[in-house]
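Trainee: I have the model open and would like to learn how to read it. Where do we start?

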Amino acid sequence: MQRRDFLGFSAGALATAALPSVARANVPSPYDWTAAPPTDKRAAYIDWMVKNRGEDPRYLGERFDRFLALISHHDVWDERNMRAYLMTPREEFVTKANLDRAYLWHYLDIGFGVTITGPHTVARMTNVIDVQRGDKVLEIGTGSGYQSAYLSNLTDKVWSIEIIKPLFERTRGVYDRLIGEGYSEYRAITTKNADGYYGWPEAGPFDKIIVTCGIDHIPPALLQQLRPNGVMVIPIGPPGSQHVLKVTKAQGKDGTISVARSDIYRGAIINFVPFTKLEGGAIRGTHSG
Ligand SMILES: C[S@@+](CC[C@H](N)C(=O)[O-])C[C@H]1O[C@@H](n2cnc3c(N)ncnc32)[C@H](O)[C@@H]1O
């Protein structure tokens, strides 16, 4: 579930919410696509991650416990996606005030009236689009940066757009700091501050698109920038009440384009923050009709 008070959209006290500086060693090993932590035992996972990634055993334990819940709820189901989840330090992307809640089920406030999506929703939306290494992936709604960090453990080509300028700048700073600490996989993430409704035409077409804010229709530019046979996942519906749809674009031999949709939650309603609109340099309203 995502939440946001739309009318309170100003850079207030939460906007400057402190980010964590989680005490841990620098990542000791260069990033290795073939390296994968153990998934069968909590202690073995923690040992491997401490040795290979220099992370804090406390958060690693919480990450592993959430991993078991993701599996039991069928929110992650293949090895590459399990690895991506297990390799992504969610504690680096939540605010300091929420460090103790980093691995809880729910979305969390990140300031600016928006949220970091809950780990179950991130995992399911990501696994559904089946990102292959080398795929070009576009994310709409960088937010905390967690989703794109996760994606960078699946492919080395990620683009992400955030509409709130100070949030975009803050998250860019998080990536740059983490890259400096050895998380070289985050070099794969290119970010910009813009209205994601129009996609990123110069970088497209994309094999996969993941939209993390809710809207009542599929933005035409995003569908256009999706490669034939590409897959998009997007929360569609009226404010506060979306269905998360998997949208597959197919192209017939005669060039005709068709679109198939399915609900990744089989009808359950999931609330996302709204897909807002940039007008004359300011955020005004949303792209929903
Ligand atoms: C659920 S939140 C963040 C989720 C994010 N993927 C994460 O892991 O933290 C959705 C984000 O979409 C952003 N957003 C809303 N409308 C947007 C638009 N038109 N273009 C780009 N970003 C937008 C919000 O500012 C917010 O940061």
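Mentor: Start with a pair of helices. Helix H1 passes helix H2 in a right-handed crossing. Keep in mind that this is a predicted model.

Trainee: Which residues of H1 and H2 make the contact?

Mentor: From H1 come Arg 42, Tyr 45, Ile 46, Met 49 and Val 50. From H2 come Pro 57, Leu 60, Gly 61 and Phe 64. By class, the contact divides into 7 nonpolar residues, 1 polar and 1 charged.

Trainee: At what angle do the axes of H1 and H2 cross?

Mentor: At roughly 135°, and the axes come within 9 Å. H1 covers residues 42–53, and H2 covers residues 57–72. Angles from 115 to 145 degrees fall in the oblique class, so H1 is oblique to H2.

Trainee: Now the sheet. What holds strands together in general?

Mentor: Strands of a sheet pair through backbone hydrogen bonds, in either a parallel or an antiparallel sense. Here, 7 strands form an open sheet with mixed pairing. Read the order as S5-S4-S3-S6-S7-S8-S9.

Trainee: Which are the edge strands?

Mentor: Strand S5 (189–193) and strand S9 (257–263). Each pairs on one side only. The twist averages 15° from one strand to the next.

Trainee: In which sense do S4 and S5 pair, parallel or antiparallel?

Mentor: Parallel, over 5 bridges. To find the register, look at Val 158, which stands opposite Ile 189 in S5. Helix H6 (residues 165–180) lies across S4 and S5. H6 runs at about 160° to S5.

Trainee: And S7 with S8: parallel or antiparallel?

Mentor: Antiparallel, over 6 bridges. Strand S7 spans residues 226–236 and strand S8 spans residues 243–251. Pro 235 has Val 244 in S8 as its bridge partner. S8 and S9 also pair in the antiparallel sense, over 7 bridges. There, Val 247 stands opposite Arg 261 in S9.

Trainee: How do I read the backbone angles in the loops?

Mentor: Begin with the usual case. Most residues other than glycine have a negative phi, and most peptide bonds are trans. Then look at the hairpins. The hairpin of S7 and S8 has 6 residues between the strands, and Gly 237 takes a positive phi near 155°. The hairpin of S8 and S9 has 5 residues between the strands, and Gly 255 takes a positive phi near 90°.

Trainee: Which residue other than glycine has a positive phi near 50°?

Mentor: Asp 130. Find Asp 130 in the loop between helix H4 (119–129) and strand S3 (137–140).

Trainee: Where is there a cis peptide bond?

Mentor: Between Gly 204 and Pro 205, with omega about 0°. Pro 205 sits in the loop between S5 and strand S6 (206–211).

Trainee: Last, the ligand. Which residues come nearest?

Mentor: Of the 25 residues around the ligand, the nearest are Gly 141, Gly 143, Ser 144, Gln 147 and Gly 196. Next, ask which elements supply the shell. Strand S2 (115–116), helix H5 (146–151) and strand S4 (158–162) each give at least two residues.

Trainee: How do the shell residues divide by class?

Mentor: Into 13 nonpolar, 10 polar and 2 charged. Now trace S4 once more on the screen. S4 pairs with S5, and S4 also supplies residues to the shell around the ligand.

Note on methods. Residues numbered from 1 in each chain as written. Predicted model: local features only at pLDDT ≥ 70, side-chain atom pairs only at ≥ 80, totals over all residues. Near = placed C-beta within 6 Å. Helix = DSSP H or I, 4+ residues; strand = E, 2+ residues; numbered from the N terminus. Nonpolar A, V, L, I, M, F, W, Y, C, P; charged D, E, K, R; others polar. Pairing = 2+ DSSP bridges. Axes fitted to C-alpha atoms, helices over the stretch in contact; angles between N-to-C directions. Contact = placed C-beta atoms within 7 Å. Parallel < 35°, antiparallel > 145°, perpendicular 65-115°, else oblique. Left-handed = near helix turned anticlockwise from the far one by under 90°.
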